[in-house]
Amino acid sequence: MAQYRYTECGLDNVIIDGVEFIKDDFGEEVVCIPNVNDLHIAITKVILEQKASMSGRELRFLRTELGLTQAQLAELVRREPLSISRWERGECPLDSNAEALIRIYAMQTLKMDNVAVKDIISWCVTSAAKPPIHIDGSDPDNYRPLAA
């Protein structure tokens with residue numbers, strides 16, 4: 001079992017611990033990641049509960065996991081679709097009020113544990129540096145975040 005930087009999800013800060021590498025038909029070592037849907041749910045939960053503002057890539061990941069288009073997300077937060085596009089590309093910072101609303105919507109949609117709105121609002125602040133997202137991949141039937 002080893003670590004794997006999981007960039008296939010569109011994020012460059014996700015590390016899965018305990019993945020299995022196998023040899024393909026050409027003898028190359030490749031990673032085996034079963035149950036990708038549950039892995040993405042675990043990543044989503046980390047993004048929603050992190051105590052720092054989301055990056056543009058994290059917003060795009062979250063939006064696609066929720067099955068929303070940029071236009072649908074823009075309607076939810078009462079902004080223009082161009083704002084969503086700019087936030088996702090990192091051209092301008094994500095508005096903290098919109099981010100809080102997006103987190104609340106996502107948590108309700110995913111039926112996550114109740115978190116106080118006051119706490120969610122306090123998490124939507126710009127942070128100098130965020131630690132990588134570490135996921136325990138040793139049991140693909142039970143992906144779970146590891147402490148940073």
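Trainee: In which sense do S2 and strand S4 pair, parallel or antiparallel, and over how many bridges?
Mentor: In this predicted model, strand S4 covers residues 133–136. S2 and S4 run in the parallel sense, and the number of bridges between them is four.

Trainee: Which residue of S4 stands opposite isoleucine 15?
Mentor: Strand S2 comprises residues 14–23, and S4 comprises residues 133–136. Opposite isoleucine 15, in S4, stands histidine 134.

Trainee: Which residue in S2 is the bridge partner of alanine 2?
Mentor: Strand S1, residues 2–5, is joined to S2 by four bridges, and the two strands run antiparallel. Within S2, the partner of alanine 2 is valine 19.

Trainee: Which residue of the turn between S2 and S3 has a positive phi?
Mentor: S3 consists of residues 29–32 and runs antiparallel to S2, with four bridges joining them. One facing pair consists of isoleucine 22 and, in S3, valine 30. The two strands form a hairpin with five residues between them. A positive phi of about 85 degrees is found in the turn at glycine 27.

Trainee: What pattern does the protein chain follow along the sequence?
Mentor: The chain contains six helices and five strands. Read along the sequence, the order of these elements is β-β-β-α-α-α-α-α-α-β-β.

Trainee: Why is the protein chain as compact as a globular protein of that length, and what is its radius of gyration?
Mentor: For 148 residues the globule rule gives 15 Å. The value for this chain is close to that, so the chain is as compact as a globular protein of that length. Along the principal axes, the C-alpha atoms fill a box of roughly 50 × 30 × 30 Å. The radius of gyration is 16 Å.

Trainee: What share of the residues in the protein chain is buried?
Mentor: The accessible surface of the chain comes to about 8,700 Å², and carbon and sulfur atoms account for 49% of that area. Of the 148 residues, the buried share is 38%.

Trainee: How far does helix H1 reach from its first C-alpha to its last?
Mentor: H1 spans residues 36–49, which is 14 residues. At 1.5 Å a residue, a span of 20 Å is expected, and the helix comes close to that value. Its reach is 20 Å.

Trainee: Which residues of H1 are buried?
Mentor: The cover over the buried residues of this helix includes S2, helix H2 (56–65), helix H5 (96–109), H6, S4 and strand S5 (144–145). The buried residues themselves are Leu39, His40, Ala42, Ile43, Thr44, Val46, Ile47 and Leu48.

Trainee: Is tryptophan 123 buried or exposed, and at what relative accessibility?
Mentor: Tryptophan 123 lies in helix H6, residues 117–123. Beyond four places away in sequence, it touches Leu48, Glu49, Gln50, Lys51, Ala52, Ser53, Arg103, Met107 and Val115. A residue counts as buried under 20% relative accessible area. Tryptophan 123 therefore counts as buried, at 10%.

Trainee: With which side chain does the side chain of serine 53 make a polar contact?
Mentor: Serine 53 is found in the loop between H1 and H2, and it is buried, with a relative accessible area of 12%. Among the residues it touches are Glu58, Arg103, Trp123 and Lys130. The polar contact, at 2.7 Å, is with the side chain of glutamate 99.

Terms used: Residues are numbered from 1 along each chain as its sequence is written. This is a predicted model: local features need pLDDT of at least 70, side-chain atom pairs count only at pLDDT 80 or more; totals for chains, interfaces and linings use all residues. Side-chain values use heavy atoms; hydrogens and water are left out. Two strands pair if DSSP finds at least two bridges between them. Buried means under 20% relative accessible area, exposed over 50%, partly exposed in between (1.4 Å probe, protein chains only). Contact means heavy atoms within 4.5 Å. The expected span of a helix is 1.5 Å times one less than its number of residues. The radius of gyration is taken over C-alpha atoms; the globule rule is 2.2 Å times the number of residues to the power 0.38. Accessible areas come from the Shrake-Rupley method with a 1.4 Å probe; for residues, only the protein chains shown count as cover. A polar contact is a pair of N or O atoms within 3.5 Å; within protein, one must be able to donate a hydrogen and the other to accept it, and residues adjacent in sequence count only if both atoms are side-chain atoms.
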